[in-house]
Amino acid sequence: MSVASSSTFPCIKFQNYPSYSTKPIILTIRNSQAEGPIRRPVAPSPPKPSNIPPPIITTTAPPKPVAVTTSEGKNVITLEFQRQKAKELQGYFKQKKLEEANQGPFFGFIAKNEISNGRWAMFGFAVGMLTEYATGSDFVDQVKILLSNFGIVDLE
């Protein structure tokens, strides 16, 4: 490995001998100050301002953003177009959520209510089984004990 710390050392070279090959793999990292074909191009300087008259302000609506523009033979989607579509999608999903919330009754045989009811039934059955195991009395005896402890019915 060689180290580059100034423009006198234009690159760092790594040699690696992989297990699957007898040839070494050489990885070269060039210094940003190095001369050569891999150096990044410098951005062009901005044009000097000339005497341009002030812009004319019109009251017409701004043009709709163009979905796809052509730049140097490539199709480019503009940022304004993406923003417009994102706002449209937000409105669509907000409306869809409101429509789903307003469908059908709140009470009754709704899937959400049935799932909740089933879960509570499973929980109650499990508690009943654990209580039967702990006390030795079956479900009917548990109900009798509960009613007598709350003073609803005197079953003794």
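**Exercise 1.** Leaving aside neighbours within four places in sequence, find which residues Q142 is in contact with.

*Solution.* Contact means heavy atoms within 4.5 Å. With sequence neighbours up to four places away set aside, Q142 is in contact with G128, T131, E132 and S137. Residues are numbered from 1 along each chain as its sequence is written, and side-chain values use heavy atoms, with hydrogens and water left out. The model is predicted: local features need pLDDT of at least 70 and side-chain atom pairs count only at pLDDT 80 or more, while totals for chains, interfaces and linings use all residues.

Next, place the residue. Q142 belongs to helix α3; helices (H or I, at least four residues) and strands (E, at least two) are DSSP runs, numbered from the N terminus. Its relative accessible area is 17%, so Q142 is buried. Buried means under 20% relative accessible area, exposed over 50%, and partly exposed in between, with a 1.4 Å probe and protein chains only.

**Exercise 2.** Describe the surroundings of S137, and decide whether S137 is buried or exposed.

*Solution.* Start with the location: S137 sits in the loop between α2 and α3, the latter covering 139-149. Then take the accessibility: S137 is buried because its value is 13%. Beyond four places in sequence, S137 is in contact with E132, Q142 and I145. Finally, the side chains of S137 and T135 are joined by a polar contact of 3.1 Å. A polar contact is a pair of N or O atoms within 3.5 Å; within protein, one must be able to donate a hydrogen and the other to accept it, and residues adjacent in sequence count only if both atoms are side-chain atoms.

**Exercise 3.** Check the length of helix α2 against the expected span, and state what follows the helix.

*Solution.* The expected span is 1.5 Å times one less than the number of residues. For the 25 residues of α2 this gives 36 Å, and the end C-alpha atoms are 36 Å apart, so the two agree. After α2 comes G136, with a positive phi near 85°.

**Exercise 4.** State how many aromatic pairs the structure holds, and classify each one.

*Solution.* There are 2 aromatic pairs. In the pair Y92 and F93, the ring centres are 5.2 Å apart and the planes stand at 70°, so this pair is edge-to-face. Rings of Phe, Tyr and Trp (its six-membered ring) pair if their centres lie within 6.5 Å; planes under 30 degrees apart count as stacked, over 60 as edge-to-face and the rest as tilted. Y92 is partly exposed at 46% relative accessible area, and F93 is exposed at 51%.

W120 and F123 also pair edge-to-face, at 5.9 Å centre to centre and 85° between the planes. Both residues lie in helix α2 (residues 111-135), 3 residues apart, about one turn of the helix. An α-helix has 3.6 residues a turn, so residues three or four places apart point the same way. W120 and F123 are both exposed.

**Exercise 5.** Give the order of elements in the chain, and say where confidence is lowest and highest among them.

*Solution.* The chain has 3 helices and 4 strands, in the order β-β-β-β-α-α-α from the N terminus. Of its 156 residues, 4% are buried. pLDDT is the predictor's confidence in each residue, from 0 to 100. The chain average is 75, and 62% of the residues score at least 70. Among the elements, strand β3 (residues 68-71) has the lowest mean pLDDT, 62, and α2 the highest, 90. Over residues 1-6 pLDDT stays under 50. Where pLDDT is low, the predicted coordinates should not be read in detail.
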